[in-house]
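Biologist: Before we discuss anything in detail, could you put the sequence and the structure in front of us? I would then like to ask how each label you use is justified.

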Amino acid sequence: MMEFYNSTIYDCVVMELPKIKNRAGNITPIHGKKNVPFDIERVYYLYDIPGGETRGGHAHKGLYQLIIAASGSFDVLLDDGINKKVVNLNRPYYGLLVIPGIWRELLNFSSGAICMVLTNLKYDPDDYLREYDDFKLKKKNKLEL
Ligand code: TYD
C-alpha cells in the first residue's frame, strides 16, 4: 500500500478519453488497463444530487478511481494532507484519476449532473478513511492502515 503514503494531488490527473464522433451523437468507450491505468472491477454513478449537496468527504486506502462527469458538471476537491486543488469536470470525455491516499470532496453539482466512477476494487467499507484528522495523521506519520 505504498501508494497511500506517497500519493500527492499532482498524481491525480485529468485524462482525455476516446471520443467517437458521430452526427447522431458521440460515443466514449473505456477499456481497463488501456484508457485507465487499472482493471475495472466496479462502476457506480451518483445522480439526483440535490442542489448545494457535497459528496465524498473521505480517502481510500487502496482504491483507484476514474471520476467522470457523464452529464452536467461538478468540482472535485483533492487534498493529500499537504496540498489541495480543485478540478472542475464538465465533459463526458475527460476523467479525473484519483489514487489511494487522497482526501476528496465532490461539490457544486449542476442540476441533472451524473458522476460516473470506475474503480479497481469491489465496494469495501474497510477501504475508507472517513475522519479527516485520522487520514492526515496516518498519511503524515505513515501509520499502519
Ligand atoms: P459513499 O462512498 O460514502 O458515498 P459518497 O462518497 O458518494 O458520498 O457511499 C454512500 C453509501 O452507499 C454507503 O452507505 C455505502 C454505499 N455504497 C455501496 O453499497 N456500494 C458502492 O459501490 C458505493 C460507492 C457505495
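Modeller: Let me begin with a term: a polar contact is a pair of N or O atoms within 3.5 Å, and within protein one of them must be able to donate a hydrogen and the other to accept it. Please keep in mind throughout that this is a predicted model.

Biologist: What makes the pairing of the side chains of Q65 and R104 a polar contact?

Modeller: The side chains of Q65 and R104 make their polar contact at 2.3 Å, and the cut-off is 3.5 Å, so the pair falls within the limit.

Biologist: Where is Q65 placed, and why is Q65 called buried or exposed?

Modeller: Q65 has its place in strand β4, which runs over residues 65–71. Buried means under 20% relative accessible area, and Q65 has 1% relative accessibility, so Q65 counts as buried. Setting aside residues up to four places away in sequence, Q65 touches F38, Y44, H60, L96, L97, V98, R104, V117, L118 and T119.

Biologist: Which residues are around the ligand, and what makes a residue count as near it?

Modeller: A residue is near the ligand if one of its heavy atoms lies within 4 Å of it, and the residues around the ligand are R42, Y44, L46, R55, G56, H58, Y123, Y128 and R130. This shell divides into four nonpolar, two polar and three charged residues.

Biologist: How do you know that polar atoms of R42, Y128 and G56 lie within the polar-contact distance of oxygen atoms of the ligand?

Modeller: For R42, a polar side-chain atom lies 2.4 Å from an oxygen atom of the ligand; for G56, a polar backbone atom is 3.0 Å from a ligand oxygen; and for Y128, a polar side-chain atom lies 2.6 Å from an oxygen of the ligand. The limit for such a pair is 3.5 Å. Taken on its own, the ligand has 530 Å² of accessible area, of which the protein covers 61%. The elements that give two or more residues to the shell are β2 (42–46) and β3 (55–60).

Biologist: Which residues of helix α2 are buried, and why are they said to be on the same side of α2?

Modeller: In α2, which spans residues 132–141, the buried residues are F135, K138 and K139. They cover an arc of only 95° around the axis, which puts them on the same side of α2. In general, an α-helix has 3.6 residues a turn, so residues three or four places apart point the same way. On the other side of α2, D133 and K140 are exposed. What covers the buried residues of α2 includes α1 (2–6), β3, β5 (74–79), β8 (103–107) and β10 (128–129).

Biologist: Why is K33 called exposed, whereas I30 is called partly exposed?

Modeller: Exposed means over 50% relative accessible area, and partly exposed lies between that and the 20% limit for buried. K33 has a relative accessible area of 59% and is therefore exposed, whereas I30, at 23% relative accessibility, counts as partly exposed. I30 is found in the loop between β1 (14–16) and β2, and K33 lies in the loop between β1 and β2.

Biologist: What makes K33 and D39 partners in a polar contact?

Modeller: Their side chains are joined at 3.4 Å, and the cut-off is 3.5 Å, so the pair qualifies. Leaving aside neighbours within four places in sequence, K33 is in contact with F38 and D39. On that basis I30 is in contact with L17, N35, V36, I40, I68 and L118, and the C-alpha atoms of I30 and L118, which are 88 residues apart along the chain, are separated by 9.5 Å.

Biologist: What is the phi of D48, and why is D48 called buried or exposed?

Modeller: D48 has a phi near 55°, a positive value in a residue other than glycine. D48 is found in the loop between β2 and β3, and at 69% relative accessibility, set against the limit of over 50%, D48 counts as exposed.

Biologist: How are K142 and L143 classed, and where are they placed?

Modeller: K142 has its place in the segment after α2, and L143 is also in the segment after α2. Since partly exposed covers the range between 20% and 50%, K142 at 47% relative accessibility counts as partly exposed, and L143 at 37% counts as partly exposed.

Key: Residues numbered from 1 in each chain as written. Predicted model: local features only at pLDDT ≥ 70, side-chain atom pairs only at ≥ 80, totals over all residues. Heavy atoms only, no water. Areas by Shrake-Rupley, 256 points an atom, 1.4 Å probe, with all protein chains shown as cover. Helix = DSSP H or I, 4+ residues; strand = E, 2+ residues; numbered from the N terminus. Nonpolar A, V, L, I, M, F, W, Y, C, P; charged D, E, K, R; others polar. Buried < 20%, exposed > 50% of the residue type's maximum accessible area, 1.4 Å probe, protein only. Contact = heavy atoms within 4.5 Å. Arc of directions from axis to C-beta.
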